[in-house]
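This report concerns a single protein model. Its sheet, aromatic contacts and main pocket are described in turn.

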Amino acid sequence: MTRFTREELEAARDRLVPDVIADGLRVLFCGINPGLTTAATGHHFARPGNRFWPALHRSGFTPRLLRPSEQRELLSYGLGITNVVARATARADELSAEEYREGGRLLALKVARLRPRWLAVLGVTAYRAAFDDRKARVGPQERTIGDTRVWVLPNPSGLNAHWTPATLAEEFARLREAAAGR
């Protein structure tokens with residue numbers, strides 16, 4: 001992986017990273033917002049130490065561990081990636097409450113248009129802020145967007161040490177089972 005200088009990462013601030021989406025996905029994964037490494041590379045969950053790609057593989061969503069640069073392969077598995085807030089920042093705490101609410105509104109419109117079977121929001125705090133649901137917990141939600149069911153997954157950031165790689169993969173696997181109709 002390319003190592004970026006502080007200046008190169010700062011130049012990526014506020015950059016937009018294209019979604020990996022298609023109509024009728026099995027699961028649309030939704031991050032909080034792109035980090036600076038993601039924005040610099042143009043690949044979702046690109047920061048070393050982010051556990052999204054390993055959790056996706058260990059849970060059985062993908063047959064092998066994909067690199068962030070292979071993100072378009074997700075579409076062949078009926079999977080996609082978007083974000084609650086499109087703007088890249090160094091930390092999620094740089095986002096305002098209004099950005100989260102507006103991101104939730106725009107995400108709901110995107111989901112209504114694309115009609116994935118499941119929307120998987122990566123981070124309970126982001127989900128709570130975007131959808132004004134203070135009582136949300138990790139797991140399936142009562143909320144639906146049209147026919148799309150909603151599942152909240154733990155944030156896969158390496159900073160979220162409460163969730164180990166194994167428990168993160170277990171939670172992703174619970175969603176995979178639900179998405180398979182089991």
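The sections below describe a predicted model.

**Sheet architecture**

An open sheet is formed by 5 strands, arranged in the order β2-β1-β3-β5-β4 with mixed pairing. Its edge strands are β2 (79-83) and β4 (139-145), each of which pairs on one side only. Direction ignored, neighbouring strands of this sheet are turned by 25° against each other on average.

The edge strand β4 runs antiparallel to strand β5 (residues 148-153), and 4 bridges join the two. I145 has T148 in β5 as its bridge partner.

**Aromatic contacts**

Across the whole structure, a search finds 8 aromatic pairs. For F52 and F172, the ring centres are 6.1 Å apart and the planes stand at 65°; the pair is therefore edge-to-face, the cut-off for that class being over 60 degrees. This contact links distant parts of the chain, since F52 belongs to helix α3 (residues 52-58) and F172 to helix α6 (residues 165-179), with their positions 120 residues apart. F52 and F172 are both buried. They also belong to one aromatic cluster, whose members are F29, F45, F52, W53, F61 and F172.

A second pair, Y127 with F131, is tilted, with 5.1 Å centre to centre and 35° between the planes. Y127 and F131 both lie in helix α5 (residues 124-131), where they are 4 residues apart, about one turn of the helix. Are these two side chains buried or exposed? Y127 has a relative accessible area of 0% and is therefore buried. F131 has a relative accessibility of 11%, and it also counts as buried because the limit is under 20%.

**The largest pocket**

The volume of the largest pocket is about 860 Å³. It is lined by 32 residues, and those closest to its centre are G35, R47, N50, A90 and S157.

What is the chemical character of this lining? The residues divide into 14 nonpolar, 15 polar and 3 charged. Helix α2 (residues 36-41) supplies the largest share of the lining, namely 3 residues.

**Summary**

The model thus presents a mixed, open sheet of 5 strands, an aromatic cluster that includes F52 and F172, and a largest pocket of about 860 Å³. Of the two aromatic pairs described, F52 and F172 connect helix α3 with helix α6, whereas Y127 and F131 both lie within helix α5.

Methods: Residues numbered from 1 in each chain as written. Predicted model: local features only at pLDDT ≥ 70, side-chain atom pairs only at ≥ 80, totals over all residues. Heavy atoms only, no water. 1 Å grid on protein atoms, 1.4 Å probe; cavity = no way out; pocket = protein on both sides within 12 Å on 5 of 7 lines; lining within 4 Å. Points joined across faces, edges and corners; volume = space filled by probe spheres on them. Nonpolar A, V, L, I, M, F, W, Y, C, P; charged D, E, K, R; others polar. Phe/Tyr/Trp six-rings, centres within 6.5 Å; stacked < 30°, edge-to-face > 60°. Buried < 20%, exposed > 50% of the residue type's maximum accessible area, 1.4 Å probe, protein only. Pairing = 2+ DSSP bridges. Axes fitted to C-alpha atoms, helices over the stretch in contact; angles between N-to-C directions.
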